[in-house]
Amino acid sequence: MSDTAPSIFSRIVAREIPADIVFENDRIIAFRDIAPQAPLHLLVVPKTQEFANVTELAAGNPELMTEVVAVAGHLAAEHANGEYRLVFNSGVTAGQTVFHVHAHVLAGGLAESSLA
Ligand code: AMP
């Protein structure tokens, strides 16, 4: 929404704050989580901040939701062994802190993950 302040992820898209970016196209950006919970912990983020959570994304733009999942799979294959956990925290009590929809891609030994 244009009348809301840019989210922290929109600021990464705009290169206003740094991130370790591993993938980008016109619709999606992916970068390493600043506080990794697994050996590989990426965030796959639609560039639009129109959708606050995965339910909104799936209802409002299912094609973009599908692309997020596809990118997650490709990145897990590129950066780990292709096996991964995909986590969407939805709501404060579920642990969501950034209300710009994003997928956590966790791979490479997840026993210690606090997202388990
Ligand atoms: P969630 O708690 O599901 O909303 O996930 C937000 C995630 O964003 C957390 O795992 C944070 O560690 C991560 N995060 C916050 N700021 C940054 C940043 N500047 N660069 C990379 N990851 C970030």
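This is a short dialogue about reading a predicted model with a ligand in it.

Student: Where does the ligand sit?

Tutor: Keep in mind that the model is predicted. The ligand sits in the largest pocket.

Student: How many residues surround the ligand, and which are the closest?

Tutor: A residue counts here if one of its heavy atoms lies within 4 Å of the ligand. By that rule 16 residues surround the ligand, and the closest are Asp-33, Asn-89, Gly-95, Thr-97 and His-104.

Student: How do the residues of that shell divide into nonpolar, polar and charged?

Tutor: Eight are nonpolar, six are polar and two are charged.

Student: Which polar contacts should I look at?

Tutor: Look for pairs of N or O atoms within 3.5 Å. Start with Thr-97: one of its polar backbone atoms is 2.7 Å from an oxygen atom of the ligand. Val-98 also uses its backbone, with an N or O atom 2.9 Å from a ligand oxygen. His-104 uses its side chain instead, where an N or O atom is 2.8 Å from an oxygen atom of the ligand.

Student: How much of the ligand does the protein bury?

Tutor: Taken alone, the ligand exposes 510 Å², and the protein buries 84% of that.

Student: Which elements give two or more residues to the shell?

Tutor: Those are helix 1 (8-13) and strand 2 (28-32). Helix 1 gives the largest share, three residues.

Student: Can we try a loop next? Where is Phe-88 found?

Tutor: Phe-88 is in the loop between strand 4 (85-87) and strand 5 (103-107). Try comparing sequence with space: Phe-88 and His-102 are 14 residues apart in sequence, yet their C-alpha atoms are 6.5 Å apart. Leaving aside neighbours within four places in sequence, Phe-88 has contacts that include Val-54, Met-65 and His-102.

Student: And what should I notice about the phi of Arg-15?

Tutor: Most residues other than glycine have a negative phi. Arg-15 is not a glycine, but its phi is positive, about 65 degrees. You'll find Arg-15 in the loop between helix 1 and strand 1 (21-24).

Methods:
Residues numbered from 1 in each chain as written. Predicted model: local features only at pLDDT ≥ 70, side-chain atom pairs only at ≥ 80, totals over all residues. Heavy atoms only, no water. Polar contact = N/O pair within 3.5 Å; in protein donor to acceptor, adjacent residues only side chain to side chain. Areas by Shrake-Rupley, 256 points an atom, 1.4 Å probe, with all protein chains shown as cover. 1 Å grid on protein atoms, 1.4 Å probe; cavity = no way out; pocket = protein on both sides within 12 Å on 5 of 7 lines; lining within 4 Å. Sits in = over half its atoms within 2 Å of the grid points. Helix = DSSP H or I, 4+ residues; strand = E, 2+ residues; numbered from the N terminus. Nonpolar A, V, L, I, M, F, W, Y, C, P; charged D, E, K, R; others polar. Contact = heavy atoms within 4.5 Å.
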